[in-house]
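Trainee: I should like to study this structure with you, beginning with the packing of its helices and then turning to its aromatic rings. May we look at it together?

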Amino acid sequence: MKMSLFRNRPETETGLKSPAPKGSDSELKLEKDGMSDTESKVDSGVPEVPVPPDDTPEVLNKALSGLSSRWKNWWVRGILTLAMISFFFFIIYLGPMVLMMIVLCVQIKCFQEIITIGYSVYHSYHLPWFRTLSWYFLLCVNYFFYGETVTDYFFTLVQREEPLRILSKYHRFISFALYLTGFCMFVLSLVKKHYRLQFYMFGWTHVTLLIVVTQSHLIIHNLFEGMIWFIVPISCVICNDIMAYMFGFFFGRTPLIKLSPKKTWEGFIGGFFSTIVFGIMLSYVMAGYRYFVCPVEFNNDSNSFQVDCEPSDLFQLQDYALPRSLYSLLSPQTTVHLYPFQIHSIALSSFASIVGPFGGFFASGFKRAFKIKDFANTIPGHGGIMDRFDCQYLMATFVNVYIASFIRGPNPSKVIQQLLALRADQQLHIFNSLKAHLTEKGLLPALEEATA
């Protein structure tokens, strides 16, 4: 990133520094890594971010002391992966509200890890308000997104409480006013001779908000559609990550991409087929339980979330004819019982294993730009939280777009909520228009006879 060019340069009036002589150690080292002369010159000013110490638990260090570093890392990653999967099962058991809180906590931690990298560059100039403004903008964006969510899914509760009703009515204006305040604070914080760097960091903060906060908001929206839309995509990404690592560790020979030298074609292909099979099997198991397939709704009578409904056709077993080419192999079986959601799971699994890894490649390129191995050292053997969720955020966007494009239809409950918010004369006009429409189609007399 361009902001890195200002690191380690003397603070002169022009802020310029004479280029490093050709043949310097740093330049030769970069050339050895396969980088061009132009890239070497550009990256020569990248800040040295301190390498975090090894925080592997002492118990594991002692137990694995006799192994090589390669196998030690394998066992550490494996043990911590099992621990994280167990924790994932536990929070699923606790219900949707806990899942939403976990998503919010993960979002905040990912934001902190990315902003900390930027702060390592910015802090050297002792310019005011960067970290304060970054967290302020995070608060503003979360207020906007979660306020919209509360208005959509808790409409009756919001209309029942006068303070909430006022906040809901003027929500977007309040959100804009909060952001505008932060914008003015940024302008007032500008320091002569460092304008360019400050605008770099302003952009840094906003791109981070776009990547982290927007995607986490979409994850919560997916969760409201039914926990299966939350669990299956996340599990597919986890499965692909694990199986690609396993196939690459034992069979990897062919490098996949320069941004991530340890990734191999063997791991990529093995992860793809494993994820497809895993997605179909997991979908079959989960589609049979209402707890997973029903939308998460707020019960106004009990003031709590409920996950109970009559499953839609998407989660009803149906017969599908097998291709004729398989008749000889499965004879006399000519049909197969599947949930329609299992077919959709193939699309989710394919994205998780083909496109999803590009989120990881993007993160690898970002880390290489700043010469760091991981975003943080929160999880031994895995790095920071952002290192584990770099693919999840890309997946969340795809799932949300997929649901909106192929699954979700008009929502009667939201239409009714909007109607109830209208004035009495507007409601009466809509009622008469709807009545005339149903009468014209011949549906209203039938309904009246049924009522009688």
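**Helix packing and aromatic pairs**

Mentor: In this predicted model, the axes of helix H6 (residues 130–153) and helix H10 (residues 195–224) come within 10 Å and cross at roughly 25°.

Trainee: How are H6 and H10 oriented to each other, roughly parallel or roughly antiparallel?

Mentor: The two axes cross at roughly 25°. Angles under 35 degrees count as roughly parallel. H6 and H10 are therefore roughly parallel.

Trainee: Which hand does the crossing of H6 and H10 have, and how many residues of the contact are nonpolar?

Mentor: The crossing of H6 and H10 is right-handed. Residues making the contact include Phe-137 and Val-141 of H6 and Leu-209 and Val-213 of H10. No residue of the contact is charged and eight are polar, while the nonpolar ones number 13.

Trainee: How do the rings of Trp-204 and Phe-366 pair?

Mentor: The whole structure holds 26 aromatic pairs. In the pair of Trp-204 and Phe-366, the ring centres are 5.6 Å apart and the planes stand at 55°. An angle from 30 to 60 degrees is neither stacked nor edge-to-face, so the pair is tilted.

Trainee: How far apart in sequence are the parts that this pair ties together?

Mentor: Trp-204 belongs to helix H10, whereas Phe-366 belongs to helix H16 (residues 357–369). The pair therefore ties together parts whose separation in sequence is 162 residues.

Trainee: Is Trp-204 buried or exposed?

Mentor: Residues under 20% relative accessible area count as buried. Trp-204 has 5% relative accessibility, so Trp-204 counts as buried.

Terms used:
Residues numbered from 1 in each chain as written. Predicted model: local features only at pLDDT ≥ 70, side-chain atom pairs only at ≥ 80, totals over all residues. Heavy atoms only, no water. Axes fitted to C-alpha atoms, helices over the stretch in contact; angles between N-to-C directions. Helix = DSSP H or I, 4+ residues; strand = E, 2+ residues; numbered from the N terminus. Parallel < 35°, antiparallel > 145°, perpendicular 65-115°, else oblique. Left-handed = near helix turned anticlockwise from the far one by under 90°. Contact = heavy atoms within 4.5 Å. Nonpolar A, V, L, I, M, F, W, Y, C, P; charged D, E, K, R; others polar. Phe/Tyr/Trp six-rings, centres within 6.5 Å; stacked < 30°, edge-to-face > 60°. Buried < 20%, exposed > 50% of the residue type's maximum accessible area, 1.4 Å probe, protein only.
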